[in-house]
Amino acid sequence: MQDLATKFANLTIQSDFIFKKVMSRKRICKHLLEELLQIEITDINYLEAEKTLEPEYTSRGIRLDIIVADDKNTHYNLEMQVKNNKNPDTDTYVLPKRSRYYQALLDIDLLQKGQPYDLLPPTFIIFICVFDFFEKGNYVYTFKKRCLEDLELELPDEATTMILNTKGTHGDISQDIKSFYDYVNNHIVTTDFTKQIDDEISYLKLDTKVRREFMLMEARLLDERREGKAEGIAEGKEIGIAEGKEIGLAEEKLATAKRMLAKGCYSLEVIAELTNLSLADVEKLKEEA
């Protein structure tokens, strides 16, 4: 519990937990959107913080940090991205396809059964990244659908994806957005806006209910990780027993490792541990797969 208390005390705006709490403050979230898009917003409504969208039991559910709608019915999804994750099986970055999937599920959720497509509201999927995904140095990368034969021709589907780069060096952004980037990167307070954010985080850390919520959430996640590891070890042993009935010991280890690699839910280290193969052998099997 002491470790969790220390972790809570050291949380910054980069934490999903703190980011969600801060952006749940209307004045902060509204101002961020206004400064980012250079528009005036009369008011925003929170549809649901950290909403999980699961249209079908066979589909992959997603957890959205913040979803708000403004007075013109434009919907915004704000996400903090700290790591530029790769799929270890395909060695490809997941952010582009993730943005596509977020947009698809958000649209499904916004359009009720039987409603015409033209009732879909304008949407903005906004990823606040603490890394430069495209390595071009832009503060902001904004994407809309355009015709390859005529780049001036835009598909008016009113769906926009914005990938913010807090490590950017050029582009046209407001002073408050620049100060927000500095705060995300280095916890530097340079404007009234970032002071509001910093004060809010300080208040949150003094709130015993928020502290308790974080610690319960972390304890639950720890339990889930432990259960997952136990299930993985048990399943790995079952795979080894089944293979051992058909082939010799040496081939049994290789076959078990291949099966575990094919499942895609085990780390190379866990496979090496459960099969008694060297990590180098497991890495070789992965390359040959």
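# Briefing: helices, a mixed sheet and two loop residues

Leu32 is found in helix 3, which covers residues 26-37. Helices (H or I, at least four residues) and strands (E, at least two) are DSSP runs, numbered from the N terminus. The structure is a predicted model, in which local features need pLDDT of at least 70 and side-chain atom pairs count only at pLDDT 80 or more, while totals for chains, interfaces and linings use all residues. Residues are numbered from 1 along each chain as its sequence is written, and side-chain values use heavy atoms, with hydrogens and water left out.

**Leu32 and helix 3**

- Leu32 counts as buried because its relative accessibility is 4%; buried means under 20% relative accessible area, exposed over 50%, and partly exposed in between (1.4 Å probe, protein chains only).
- Along the chain, Leu32 and Phe180 are 148 residues apart.
- In space, a distance of 8.6 Å separates the C-alpha atom of Leu32 from the C-alpha atom of Phe180.

**Helix 2**

- Helix 2 runs over residues 16-23 and is mostly covered.
- Of the 8 residues in helix 2, 7 are buried.
- The buried aromatic side of this list holds Phe17 and Phe19.
- Ile18, Val22 and Met23 of helix 2 are buried as well, and so are Lys20 and Lys21.

**The sheet as a whole**

- Strands of a sheet pair through backbone hydrogen bonds, either parallel or antiparallel.
- For the count used here, two strands pair if DSSP finds at least two bridges between them.
- In this model, 6 strands form an open sheet, and their order across it is 1-4-5-8-10-9.
- The pairing in this sheet is mixed; both parallel pairs and an antiparallel pair are described in the points below.
- Strand 1 (44-46) is one of the edge strands, and strand 9 (140-143) is the other.
- Each of these edge strands pairs on one side only.

**Strand 8 and its neighbours**

- How many residues of strand 8 are buried? Strand 8 (residues 123-129) is mostly covered, with 7 of its 7 residues buried.
- Thr123, Ile125, Phe127 and Cys129 point one way from strand 8.
- Phe124, Ile126 and Ile128 point the other way from strand 8, and the residues of both groups are all buried.
- In the order of the sheet, strand 8 stands between strand 5 and strand 10.
- Strand 5 (residues 75-81) and strand 8 run parallel, and 7 bridges join them.
- Within strand 8, Phe127 is the residue that Glu79 stands opposite.
- Strand 8 also pairs with strand 10 in the parallel sense, over 7 bridges.
- Cys129 stands opposite Asn165, a residue of strand 10.

**Strand 9 and strand 10**

- In which sense do strand 9 and strand 10 run, parallel or antiparallel? They run antiparallel, and 4 bridges join them.
- Thr142 stands opposite Met162, which belongs to strand 10.
- Strand 10 therefore appears in two pairings described here: one with strand 8 in the parallel sense, and one with strand 9, which is antiparallel. 

**Two loop residues with positive phi**

- Asn73 has a phi near 70°, a positive value in a residue other than glycine.
- Where does Asn73 lie? Asn73 lies in the loop between strand 4 (66-70) and strand 5.
- Asn73 has a relative accessible area of 40%, so this residue is partly exposed.
- His187 has a phi near 60°, again a positive value in a residue other than glycine.
- The loop that holds His187 lies between helix 5 (175-186) and helix 6 (192-206).
- His187 has a relative accessible area of 43%, so this residue is partly exposed.

**Points to retain**

- Leu32 of helix 3 is buried, whereas Asn73 is partly exposed.
- Strand 8 is mostly covered, and 7 bridges join it to strand 5.
- The sheet is open, and strand 1 and strand 9 form its edges.
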